[in-house]
Amino acid sequence: MKINKVIVSSFRNLKNLTIDTEGKSFAFEGNNKIGKTNLLNAIYWCLTGADLENNADNSLNVPYDSTDGTVDVRLETDKGSIQRKVVGAKQFIFINNAPT
């Protein structure tokens with residue numbers, strides 16, 4: 001599976017982030033505490049429902065300044081799309097825009 005696009009809204013310290021890879025390999029770098037590991041956690045959480053430490057507590061993914069507790073991560077791939085969204089205490093998963 002190739003990831004073509006990553007769209008992150010309100011995941012930890014990532015407010016609104018879109019990365020369009022066009023299916024190509026990519027790398028990212030930057031200073032400490034800017035969200036590199038949180039980007040990996042967002043992708044992993046979208047696919048598995050847990051973070052890289054295997055923690056499935058969704059409240060850990062909500063930004064500290066969130067007003068409604070919404071977290072939304074969407075991956076667009078060469079096989080379709082997957083989206084995981086948490087609103088308050090409810091979790092939603094969409095495969096190719098259809099709820100599961």
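## Strand β1 and its two partners

In this predicted model, strands β1 and β3 pair up in the antiparallel sense, with six bridges between them. To see one of those pairings, find Lys5: its bridge partner in β3 is Glu76.

Now look at β1's other partner. Strand β1 covers residues 3-11, and it pairs with β2 over six bridges, again in the antiparallel sense. Two spots are handy for tracing this pairing by eye. Val6 stands opposite Ile19 in β2, while Ser9 stands opposite Asn16 in β2.

How many residues sit between β1 and β2 in their hairpin? There are two. Arg12 belongs to this turn, and its phi is positive, at about 55°.

## The whole sheet

Let's zoom out a bit. The protein chain has six strands plus one helix. If you start at the N terminus and walk along, you meet the elements as β-β-α-β-β-β-β, so to speak in sequence order.

In space, the six strands line up as β2-β1-β3-β4-β5-β6. They form an open sheet, and the pairing is antiparallel. Which strands stand at the edges? They are β2 (14-20) and β6 (98-99). Each has a single partner strand, so one side of each has no neighbour in the sheet.

## Thr70, just before β3

Thr70 is worth a closer look. You'll find Thr70 in the loop that runs between α1 (36-48) and β3 (71-77). Is Thr70 buried or exposed? Its relative accessibility is 16%, and buried means under 20%, so Thr70 counts as buried.

What does Thr70 touch, if you skip residues up to four places away in sequence? The list is Ser9, Ser10, Lys85, Val86 and Val87. You've already met Ser9, which stands opposite Asn16 in β2. Val87 is 17 residues from Thr70 in sequence, yet their C-alpha atoms are 4.4 Å apart in space.

## Phe94 in β5

Next stop: Phe94, which lies in strand β5 (residues 90-95). Leaving out residues up to four places away in sequence, Phe94 touches Ser81, Ile82, Gln83 and Pro99. Pick Ser81 from that group: Phe94 and Ser81 are 13 residues apart in sequence, and 7.9 Å separate their C-alpha atoms.

## The chain as a whole

How does the overall size work out? A compact globule of 100 residues would have a radius of gyration near 13 Å, and the protein chain has 13 Å, so the two agree. Its C-alpha atoms fill a box of roughly 35 × 35 × 25 Å along the principal axes.

Buried residues make up 33% of the 100 residues. As for the outside, the chain exposes about 6,300 Å², and carbon and sulfur atoms supply 50% of that area.

Contacts tell you about the fold too. Take contacts between residues at least 6 apart in sequence: 46% of them join residues at least 24 apart. Finally, the chain carries 12 positive and 11 negative charges, and the mean positions of the two groups are 2 Å apart.

How values were computed: Residues are numbered from 1 along each chain as its sequence is written. This is a predicted model: local features need pLDDT of at least 70, side-chain atom pairs count only at pLDDT 80 or more; totals for chains, interfaces and linings use all residues. Side-chain values use heavy atoms; hydrogens and water are left out. Two strands pair if DSSP finds at least two bridges between them. Helices (H or I, at least four residues) and strands (E, at least two) are DSSP runs, numbered from the N terminus. The radius of gyration is taken over C-alpha atoms; the globule rule is 2.2 Å times the number of residues to the power 0.38. Buried means under 20% relative accessible area, exposed over 50%, partly exposed in between (1.4 Å probe, protein chains only). Contact means heavy atoms within 4.5 Å. Accessible areas come from the Shrake-Rupley method with a 1.4 Å probe; for residues, only the protein chains shown count as cover. Lys and Arg count as positive and Asp and Glu as negative; His and the chain ends are not counted. The place of a charge is taken as NZ of Lys, CZ of Arg, CG of Asp or CD of Glu.
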